[in-house]
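Colleague: I'd like to learn how to read a model like this one. Could you walk me through the features as I ask about them?

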Amino acid sequence: MAVPSETDSGTPVSGALCFEVSDVFAGKRIDVALSSLAEIPRSAVQRWIAAERVWVNDRTCRASFRVSLGDEVKAWPLDPVVPSLVPEPIALVVLYEDRD
């Protein structure tokens, strides 16, 4: 497996989040440990893992992988998903309006 070199939009990956597993996280699942270390939702970490953007000791892993003391964890975040919200013109009936 090659290190991720591009984001989803095709722009180069600037850098990885890198952590060394301490005794606090030893024996925990990688998705639990990384979500605590990076302070992000576990569901986001699981998406990164599914996209093979989380490596432990230079290898991809599954979300259920249990980390050990001293393991090197690297993660390349995915591009944030920006919702495309477009306002729709709708007819509104004003029931009450302040004087100001």
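Colleague: Let's begin with A44: is A44 buried or exposed?

Modeller: Burial is a matter of cut-offs: buried means under 20% relative accessible area, exposed means over 50%, and partly exposed is in between, using a 1.4 Å probe and protein chains only. A44 has a relative accessible area of 11%, so A44 is buried. A44 sits in helix α2, residues 42-50. The C-alpha atoms of A44 and L78 are 8.7 Å apart, although 34 residues separate the two along the chain. Keep in mind that this is a predicted model, where local features need pLDDT of at least 70, side-chain atom pairs count only at pLDDT 80 or more, and totals for chains, interfaces and linings use all residues. Residues are numbered from 1 along each chain as its sequence is written, and side-chain values use heavy atoms, with hydrogens and water left out.

Colleague: How many helices and strands does the protein chain have?

Modeller: Helices (H or I, at least four residues) and strands (E, at least two) are DSSP runs, numbered from the N terminus. The protein chain has 2 helices and 4 strands, and along the sequence they follow the pattern β-α-α-β-β-β.

Colleague: In what order do the strands of the open sheet come?

Modeller: The general idea: strands of a sheet pair through backbone hydrogen bonds, either parallel or antiparallel. Two strands count as paired if DSSP finds at least two bridges between them. Here the 4 strands form an open sheet in the order β1-β4-β2-β3, with antiparallel pairing. At the edges are β1 (17-20) and β3 (59-60), each of which pairs on one side only.

Colleague: And how many bridges join β1 to β4?

Modeller: There are 4 bridges between β1 and β4, which run antiparallel; L17 stands opposite A75 in β4. Next, β2 and β4 are joined by 3 bridges, also antiparallel, and V56 has V73 as its bridge partner in β4. Strand β2 (residues 54-56) then pairs with β3 over 2 bridges, in the antiparallel sense. V56 takes part there as well: its bridge partner in β3 is R59.

Colleague: Which strands does helix α1 touch?

Modeller: Contact here means heavy atoms within 4.5 Å. Helix α1 (residues 30-38) packs on the sheet and touches β1, β2 and β4 (72-75). The direction of α1 makes about 110° with that of β1. As for the angle, axes are lines fitted to C-alpha atoms, for helices over the stretch in contact, and angles run from 0 to 180 degrees between N-to-C directions.

Colleague: Which side chains along β4 are buried?

Modeller: In a regular strand the side chains alternate between the two faces of the sheet. Along β4, V73 and A75 point to one face and are buried, while E72 and K74 point to the other and are not. Over in strand β2 you'll find W55, and W55 is buried too, with a relative accessible area of 6%. The C-alpha atoms of W55 and I30 are 9.6 Å apart, with their positions 25 residues apart along the chain.

Colleague: How many salt bridges does the count come to?

Modeller: Side chains of opposite charge can pair when their charged atoms come close. The rule asks for a side-chain nitrogen of Lys or Arg within 4 Å of a carboxyl oxygen of Asp or Glu, and the count comes to 2 salt bridges. R29 pairs with D31, their closest N and O atoms being 3.0 Å apart. D31 also forms a salt bridge with R42, at 2.9 Å between the closest N and O atoms. That second pair links distant parts of the chain, D31 in helix α1 and R42 in helix α2, 11 residues apart. Through shared partners, R29, D31 and R42 join into one network.

Colleague: Is D31 buried or exposed?

Modeller: D31 has 0% relative accessibility, so D31 counts as buried. R29 is partly exposed at 25% relative accessible area, and R42 is partly exposed at 39%.

Colleague: Across the protein chain, what share of residues is buried?

Modeller: Buried residues make up 25% of the 100 residues. Among contacts between residues at least 6 apart in sequence, 57% join residues at least 24 apart.
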